[in-house]
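Good morning, everyone, and thank you for making time for this short presentation. Please keep the sequence and the picture in view while I talk, and stop me whenever a term is unfamiliar.

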Amino acid sequence: VKAAAEEAKKAAEEAKAAADVDKAAAEAAQAKAEVAQKAAETAEAEAKKAQTASEAAQAKAEAAQKAAKEAEDAAKNYANDAEAAKTAAEAAKTTAENAKKGLAEAAAGAAKASADAAKAAQANAEAAAKAAEEAQKKAEEILAKAQKEAEEKRAEAQKQLEEVQAMQKRLESQLAKTEFAAKKVKVKAVKGVKKSVKVNWKSVEGADGYVIEYAKKANFKGKKTVTVSASRKAKTIKRLSAKKTYYVRVKVYKVVDNEKVYTAYSAKKKVRTK
């Protein structure tokens, strides 16, 4: 009987030792879960800083997401550790049930305490996993917001660029109009022939056509016009009155952005038909 009691006592002591080990493992699992929760909070804090700039925000949000994933993996590992501790506690409980009388009850109580501690550790691990999941969700929301802000800024920048390009095009068009309008056209010669006048002028670079204006009066009252292509450098105006004086002048035009831009008229020339 004494030997059996000693054996039961030894078994109870071993069960208690195992329960202590299980309790330490559960506490370690709880500490790791707290570390995981702190890591998740750190990830969330880092993710909030991402709002300062679109590119930095995206990088930090991704880092927070990665940290949250690592925290979730760690929490799962800690949950596995807690489950192992629970299994060990249940084994200790089985061993304690085989002991006799008061020692058996003490061993069972210790095993129950270890099981409760393991259960608490598992609950903490699950809470840490949930916190990590929420941190990951928050990081994803911040990332989505940062990406949206970045896209809005890109769209705004594109709009501003298009406005600048449109303004530049308008300025270039206006400059082209102004530069062309400032060009001078020179009538080289005007010759009167039978009921006609032959006009020669110096070509103007960039011209799309020439307009010849003629009239019997020096002030060009009652004037008439003739338009010719840019390839022409002379024009004979026919069906005029014989032996009459005419005044002639020429201007140039260029089409810029679907608009005809004219130069000033040349100096007027006086000629008499034959």
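**A pair of tyrosines across two strands**

Let me begin with one pair of residues: Tyr-253 stands opposite Tyr-262 in S7. Before I go further, please keep in mind that this is a predicted model, and that the values I quote are computed from it.

The two strands behind that pair are strand S6, residues 245–256, and strand S7, residues 259–262, which pair in the antiparallel sense over 4 bridges. For those new to the subject, strands of a sheet pair through backbone hydrogen bonds, either parallel or antiparallel. The hairpin of S6 and S7 has 2 residues between the strands, and in this hairpin Asp-257 takes a positive phi near 55 degrees.

Now to the side chains, where the structure holds 2 aromatic pairs. How are the rings of Tyr-253 and Tyr-262 placed against each other? Their centres are 5.8 Å apart and their planes stand at 50 degrees, so this pair is tilted. The two partners are not equally covered, because Tyr-253, at 10% relative accessibility, counts as buried, whereas Tyr-262, at 35%, counts as partly exposed. Tyr-253 has a further neighbour, since the charged end of Lys-260 sits over its ring, 4.4 Å from the centre. A comparable arrangement involves Arg-249, which lies over the face of Phe-220 at 3.9 Å from the ring centre.

The other aromatic pair is formed by Trp-201 and Tyr-210, whose ring centres are 5.3 Å apart and whose planes are at 40 degrees, so this pair is tilted as well. Here both Trp-201 and Tyr-210 are buried.

Tyr-210 also brings us to the interior, because it is one of the residues with the most contacts inside the largest nonpolar core, together with Val-199 and Val-250, in a core of 22 residues. Strand S2, strand S3 (209–215), strand S4 (224–229) and strand S6 each supply at least two residues of this core, and the largest share, 5 residues, comes from S6.

Let me turn next to the sheet that contains S2. Which strands form it, and in what order? It is an open sheet of 3 strands in the order S1-S2-S5, with antiparallel pairing. Strand S1 (187–193) and strand S5 (234–237) are the edge strands, each pairing on one side only, and neighbouring strands are turned by 15 degrees against each other on average, with direction ignored. Strand S2, residues 196–201, is joined to S5 by 4 bridges, and Val-197 stands opposite Ile-237 in S5.

Strand S2 also holds Ser-196. Is this residue buried or exposed? Ser-196 is buried, because its relative accessible area is 8%, and among the residues it touches, leaving out those up to four places away in sequence, are Lys-191, Thr-236, Ile-237 and Thr-273.

I will finish with Arg-272, which lies in strand S8, residues 269–272. At 49% relative accessibility, Arg-272 counts as partly exposed, because the exposed class begins over 50%. Leaving out residues up to four places away in sequence, Arg-272 touches Gly-192, Lys-243, Lys-244 and Thr-245. Arg-272 and Arg-170, by contrast, are 102 residues apart in sequence and 46 Å apart in space, taken from C-alpha to C-alpha.

Notes
Residues are numbered from 1 along each chain as its sequence is written. This is a predicted model: local features need pLDDT of at least 70, side-chain atom pairs count only at pLDDT 80 or more; totals for chains, interfaces and linings use all residues. Side-chain values use heavy atoms; hydrogens and water are left out. Two strands pair if DSSP finds at least two bridges between them. Axes are lines fitted to C-alpha atoms, for helices over the stretch in contact, and angles run from 0 to 180 degrees between N-to-C directions. Rings of Phe, Tyr and Trp (its six-membered ring) pair if their centres lie within 6.5 Å; planes under 30 degrees apart count as stacked, over 60 as edge-to-face and the rest as tilted. Buried means under 20% relative accessible area, exposed over 50%, partly exposed in between (1.4 Å probe, protein chains only). A charge sits over a ring if NZ of Lys or CZ of Arg is within 6 Å of the ring centre and within 35 degrees of the ring normal. A nonpolar core is a set of buried Ala, Val, Leu, Ile, Met, Phe, Trp, Tyr and Cys residues joined through side-chain atoms within 4.5 Å. Contact means heavy atoms within 4.5 Å.
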